[in-house]
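Let's take a quick tour of a protein model, looking at how its pieces sit together. Have the structure open beside you as you read.

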Amino acid sequence: MDLLENLNPNQRKAVEHTEGPLLILAGAGSGKTRVITHRIAYLMREKHVSPYRIFAVTFTNKAAEEMRKRVIGLTGPEGTSVFMKTFHSASVYILRRFGERIGIEKNFSIYDQGDQEQVIKGILEKMRIDPKKVKPSSIASKISEIKDKADLVDGARLDLLLPDYYAFDFQELYREYHQRLRQNNALDFNDLIIKTVELLRNDAPTLGELQSRWQYFMIDEYQDTNHAQYLMALLLSSQSRNICVVGDDDQSIYSWRGADIRNILDFEKDYDDARVITLDENYRSRQPILDSASHVIRNNVHRKEKNLKACKGEGEPVVWCRANNEYGEAEYVVSTMQTLKSREGFHNRDFAVFYRTNAQSRVFEDVLRRNNIPYRVVGGLKFYDRREIKDMLAYLKFIANPHDSVSLARIINTPARGIGDATVGKIRDAAVKEGVSEWDVISQGMLSGRAPKGIEEFRGIIGHAQMMASGVPGAMKLSDFVLDLFQASGYRKSLEEENSIENASRIENVEEFINSVYNFETVNPQGTLAEFLQEISLFTSEEDPLDPEARDNSLTMMTVHNAKGLEFPVVFLTGMEENTFPHRLSIDTEEGLEEERRLCYVGITRAMERMYLTNADIRRTYYGVDYKETSRFIREIPDGLLEKRTYGNDSFNGYRQERRQFGFGADLKKPDRVRDDAPSESAPAPAPEEHGSSAYRKLDRVMHPKYGAGTVIKIEGAGDNVKLTILFTTGAKTFLEKYTPLEKA
DNA sequence: TTGAGGCTTTCAACA
DNA sequence: AAAGCCTCAA
């Protein structure tokens, strides 16, 4: 097979240009992955480069996996030996082997956002700062933001970088955070990259070894690299200079994660001999789809002008549907789907529903389930985020790394074994006083006074597990070890004790988790516990492994972010409303808005045959009921390109009124949010089942056992979820009706 | 001092 | 919808 056959001239040039720096500007749907995989195959087959000398990184595990499959398809089993990973897993690979040279122990734990927040919470407590006023999550992202810029590794002065608007010493917190991570032998996601850069900079032998091992570099999604990743790529490739980066500035959607668009815009400055090749023939989308996308993205000022050509030719126009409310929107999607299936032979698997935020998936799930349409949700509540899985993982992390006090805190009383806050506090104090780890205190009986029975029990469980783990692999299989731990920890028993549906599914989930351990050990017979942990701690965005069959013929739902790099015959881009998409937190700055627009561009360009844009005029969110103004992105598409539909009649009177009042297409300054404590006659009814489920009416007098007499001033929600706001003499309170012991007075 | 259950609050995108 | 905080009973 000729590798260059079936490539257009520019794609071919990109594949053939193997030596020296190369920038590939690859528009949406221009065959980017095809070029990368063919280029790797070409290096091996035509240039006789050993697969061990090729280094390729992408952003997601999914993309890396896809690339690996396609390379193997082109080269045969040899392709397996290409180093193909995400930036993070590449860093872990390097740090595991050489990290000790800069003082990182081999068995380090990787802390995700949740773990980070636990650490921060502990520090806030120690600094006597109210965690209600200073949210650990916002501190975590602040720390992450600082580290993403990685000016640190450039030796900038820390005290100049840290924000001074906090009412406390941020610098102290920042240092304490890192000190605790060091004590716990843990790295956060940012550290993985930063420490790798530090290692490459400060340890010449490591750099030399890696530079001579890898001779050809390929970086996918280069527009989304941050400064530290940029440095990492630069250092590794600086000797061979065979670096090929691929990206599209119009698809840069991760600036909030530190992505620095300058990396791609300045590539030609970094390498004055860089060759630039542009791929501008789109093989994915029909003309009207691409035209719509272009009309949206051209409103961005900060971009390289480009001209994508659709090779697939004309097609159906893009449809824009205005629905009455979020249920109408979902029903429109379902009915359109059914029509396309019966009249045009599409299958469930051909459809994708995109939304801006995960919370929007719920309504679609409702409606799809009611219509018996199989679906899968990518992202969202992830398998590894479930409580029972996190608990089991914490056990494993702690056994692998007994310095990991965050994991310890999670499992010491899970399941309940009589070790409460007071006891944990004592252990912590003793550890600090003696200058040892908390596990030392527990395992060596260093606790003064009488230690609760639970401590003994816990020590036994961990001691037993550590002993077993030492026989993995070899005397014991990793999966058997985890199975044993599930029993021996008492976790299984505690789930079985309460015979609920919820617990039954938790047990199933743990079993599925153990199954994934089994899969791991089949692929890696010599794999250790630590290796397993490293693998899955970077594998958080993987779809739910519980329903592998579901994907056979299911509709796919995901956030627009998750959709990057994918394509579907029919795409519904939903929630096209101001403050939803573009998101309300991005709407006020030009940079924010441009990134939202790129995100919209990414969404539209995923569609191959049909594209549907939908919005709801009224949307119920946890804030209340909002009147939504149509997204400016829809207004940016010329009328002639859109086929307009409406869906859902009951509330359309309300809708029209609203429109007339606000004026469509004008520059609207009026807020589009209306709280639903307005009289309900003027507010159009949302879905019918939303109503009439409260035993109370507005202005009813009620009696609360604790707060006394009050008046109902607001009713919202439906079914078991009715929330009542009641005005007492002491002020207003909101309750879930279901849970509140109220009496009519 | 612990554990359970009731009440309250929270909600952007991700490796 | 779910997790975290708070209160109260044991």
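What follows is a short briefing on a sheet, the helices on it and some ring contacts. Keep in mind that this is a predicted model. There's an open sheet of six strands to get to know, and a count of 23 aromatic pairs to dip into.

**The sheet**

- Six strands line up in the order 3-2-6-7-1-8, and their pairing is parallel.
- At the edges you'll find strand 3 (83–86) and strand 8 (275–279), each of which pairs on one side only.
- On average, neighbouring strands here are turned by 15° against each other, if you ignore direction.
- Zoom in on strand 1 (residues 22–26) and strand 7 (residues 243–247): they run parallel and are joined by four bridges.
- Leu25 is a handy spot to look at, since you'll see Gly247 of strand 7 standing opposite.

**Helices on the sheet**

- Helix 2 (residues 32–45) packs on the sheet and touches strand 1, strand 2 (54–58), strand 6 (216–219), strand 7 and strand 8.
- The direction of helix 2 makes about 170° with that of strand 6.
- Helix 3 (residues 61–75) packs on the sheet too, touching strand 2 and strand 3.
- Compare directions again, and helix 3 makes about 160° with strand 3.

**Rings that pair up**

- The aromatic pairs add up to 23 in this model.
- One of them is Phe55 with Phe83, with 5.2 Å from centre to centre and 20° between the planes, and this pair is stacked.
- Phe55 belongs to strand 2 and Phe83 to strand 3, so their pairing ties together parts that are 28 residues apart in sequence.
- Are these two buried or exposed? Both Phe55 and Phe83 are buried.
- Phe354 and Phe568 have ring centres 6.2 Å apart and planes at 70°; planes over 60 degrees apart count as edge-to-face, so that's what this pair is.
- Phe354 sits in strand 12 (residues 351–355) and Phe568 in strand 15 (residues 568–573), so here the parts tied together are 214 residues apart in sequence.
- Phe354 and Phe568 are buried as well.
- Which residues do ring pairs link into a cluster? They are Tyr332, Phe346, Phe351, Phe572, Tyr612 and Tyr647.

**Arginines over rings**

- Arg97 lies over the face of Tyr93, 3.8 Å from the ring centre.
- Arg257 lies over the face of Tyr254, with 4.5 Å to the ring centre.

Key. Residues numbered from 1 in each chain as written. Chains lettered and ligands numbered in written order. Predicted model: local features only at pLDDT ≥ 70, side-chain atom pairs only at ≥ 80, totals over all residues. Heavy atoms only, no water. Pairing = 2+ DSSP bridges. Helix = DSSP H or I, 4+ residues; strand = E, 2+ residues; numbered from the N terminus. Axes fitted to C-alpha atoms, helices over the stretch in contact; angles between N-to-C directions. Contact = heavy atoms within 4.5 Å. Phe/Tyr/Trp six-rings, centres within 6.5 Å; stacked < 30°, edge-to-face > 60°. Buried < 20%, exposed > 50% of the residue type's maximum accessible area, 1.4 Å probe, protein only. Lys NZ or Arg CZ within 6 Å of the ring centre and 35° of its normal.
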